[in-house]
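Work through these short exercises with the model open beside you. Try each task before reading its solution.

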Amino acid sequence: MEEVKGFLIKLLLFLVIMFTLFGVIFGLAQAPNDDMFPRISAGDLMLYYRLPSAWHNEDVLVYIKEGQLYVGRIVARSGDTVEITDQGALKVNGSTVQENRIYFKTLPYDSEVSYPLTVGTDQFFVLSDMREGGKDSRWFGCISKEEVKGKVISILRRNDL
């Protein structure tokens, strides 16, 4: 009887620790599409951190917009001014951003978003790495911190599993 009681206590402790780790501190999500291709492909499993204290350009976020899960890279933060030109240039605070690992032109979408756009307090302007057709801030505007589920810290590739 003592062994069963000990086992149940350890099981309960394990469950509390797992809930704390993956319900409060970390999260898991499957990449919904190829918007972040080639670094993140549809079906890849992403581990994200829910409690970041600092946000930086180039951070990859998991966020909810229009009731759907999206993944995007921060290109501008609160107070920054963003412009996307018809020639495919991304400008932040008047300077053209050189993105060495982006292989597609950053063209504006025919949407409600107009440029130049100043990012509001506690907001981010995010872009997908697949700039041709990926849904991001060019489509629905800035992302608020409340919509962010977390910052991606690791990826488990699902290809060929």
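The exercises below concern a predicted model.

**Exercise 1. Cis peptide bonds**

Task: Find which residue is joined to Pro38 by a cis peptide bond, and where Pro38 lies. Then do the same for Pro116.

Solution:
- Step 1. Start at Pro38. Its cis partner is Phe37, and omega is about 15°.
- Step 2. Place Pro38 in the chain. It sits in the loop between β1 (26-30) and β2 (45-49).
- Step 3. Move to Pro116. The bond from Tyr115 to Pro116 is cis, with omega near 0°.
- Step 4. Place Pro116. Its loop runs between β7 (95-96) and β8 (117-118).

**Exercise 2. Positive phi outside glycine**

Task: What is phi at Glu58 and at Asp122? Are these residues buried, partly exposed or exposed?

Solution:
- Step 1. Read phi at Glu58. The value is positive, about 85°, although Glu58 is not a glycine.
- Step 2. Locate Glu58. It is in the loop between β2 and β3 (60-65).
- Step 3. Check the accessible area of Glu58. The relative value is 40%. Buried needs under 20% and exposed needs over 50%, so Glu58 is partly exposed.
- Step 4. Read phi at Asp122. It is near 55°, again positive in a residue other than glycine.
- Step 5. Locate Asp122. It belongs to the loop between β8 and β9 (123-127).
- Step 6. Apply the cut-offs to Asp122. Its relative accessibility is 35%, so it counts as partly exposed.

**Exercise 3. The surroundings of Lys145**

Task: Where does Lys145 lie, and which residues is it in contact with, leaving aside neighbours within four places in sequence?

Solution:
- Step 1. Find the loop between β10 (143-144) and β11 (148-156). Lys145 is there.
- Step 2. Check exposure. Lys145 has a relative accessible area of 33%, so it is partly exposed.
- Step 3. List the contacts beyond those neighbours. They are Trp55, Asp122 and Phe124.
- Step 4. Take a distance to Leu15. Lys145 and Leu15 are 130 residues apart in sequence, and their C-alpha atoms are 29 Å apart.

**Exercise 4. An open sheet**

Task: What is the strand order in the open sheet of four strands, and which strands stand at its edges?

Solution:
- Step 1. Trace the order. It is β7-β6-β5-β8, with antiparallel pairing.
- Step 2. Find the edges. β7 and β8 each have a single partner strand, so one side of each has no neighbour in the sheet.
- Step 3. Look at one pair. β5 (residues 81-84) and β6 (residues 90-92) are antiparallel and share three bridges.
- Step 4. Pick out facing residues. Glu83 is opposite Lys91 in β6.

Technical notes:
Residues are numbered from 1 along each chain as its sequence is written. This is a predicted model: local features need pLDDT of at least 70, side-chain atom pairs count only at pLDDT 80 or more; totals for chains, interfaces and linings use all residues. Side-chain values use heavy atoms; hydrogens and water are left out. Helices (H or I, at least four residues) and strands (E, at least two) are DSSP runs, numbered from the N terminus. Buried means under 20% relative accessible area, exposed over 50%, partly exposed in between (1.4 Å probe, protein chains only). Contact means heavy atoms within 4.5 Å. Two strands pair if DSSP finds at least two bridges between them.
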